[in-house]
Amino acid sequence: MGPEGKPGLAGTVLRVFVQECASQARCTARCGEDEYPVNGTCNRGDRFDMDESGVYCFSTTESPKGMLARAICAKK
């Protein structure tokens with residue numbers, strides 16, 4: 001068992017950023033300079049990846065609606 005974590009701030013602000021992209025592409029939703037991603041989603045069937053700055057969605061199928069990458073961002 002690890003050490004007890006620090007309590008979070010009661011006023012932490014989360015923001016959802018949605019990026020729309022063409023189909024059969026890579027779609028990126030990046031958080032702001034003063035934010036970091038805590039989670040995110042892609043369209044069903046798309047591959048999801050996340051790093052320190054945003055969310056990445058990869059698709060190999062064509063969809064007439066395109067792609068959506070959603071990043072849930074928190075203030076640093």
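## Burial and surface

A residue counts as buried when its relative accessible area is under 20%. In this predicted model, 28% of the 76 residues of the protein meet that mark. The accessible surface of the protein comes to about 5600 Å². Carbon and sulfur atoms hold 53% of that surface.

## Fold and contacts

The protein has 6 strands and 0 helices. Along the sequence, the pattern reads β-β-β-β-β-β.

Sequence separation matters for the contact count. Take the contacts in the protein with a separation of 6 or more: 64% of them join residues 24 or more positions apart.

## Tyr36 in strand S3

Tyr36 lies in strand S3, which covers residues 35-42. Is Tyr36 buried or exposed? Neither label fits: Tyr36 is partly exposed, because its relative accessible area is 35%, and partly exposed is the class between under 20% and over 50%.

Which residues does Tyr36 touch, leaving aside those up to four places away in sequence? The partners are Cys31, Glu52, Ile72, Cys73, Ala74, Lys75 and Lys76. Ile72, one of these partners, sits 36 residues from Tyr36 along the chain. The C-alpha atoms of Tyr36 and Ile72 are separated by 8.4 Å.

## A nonpolar surface patch

Tyr36 also belongs to a nonpolar patch on the surface. Leu14 and Val38 are the other members. Together, the three residues have about 270 Å² of accessible area. Patch residues need over 30% relative accessible area; Tyr36 has 35%.

How values were computed:
Residues numbered from 1 in each chain as written. Predicted model: local features only at pLDDT ≥ 70, side-chain atom pairs only at ≥ 80, totals over all residues. Heavy atoms only, no water. Patch = residues over 30% accessible without salt bridge, like charges linked within 9 Å, V, L, I, M, F, W, Y side chains within 5 Å. Areas by Shrake-Rupley, 256 points an atom, 1.4 Å probe, with all protein chains shown as cover. Salt bridge = Lys/Arg side-chain N within 4 Å of Asp/Glu carboxyl O. Helix = DSSP H or I, 4+ residues; strand = E, 2+ residues; numbered from the N terminus. Buried < 20%, exposed > 50% of the residue type's maximum accessible area, 1.4 Å probe, protein only. Contact = heavy atoms within 4.5 Å.
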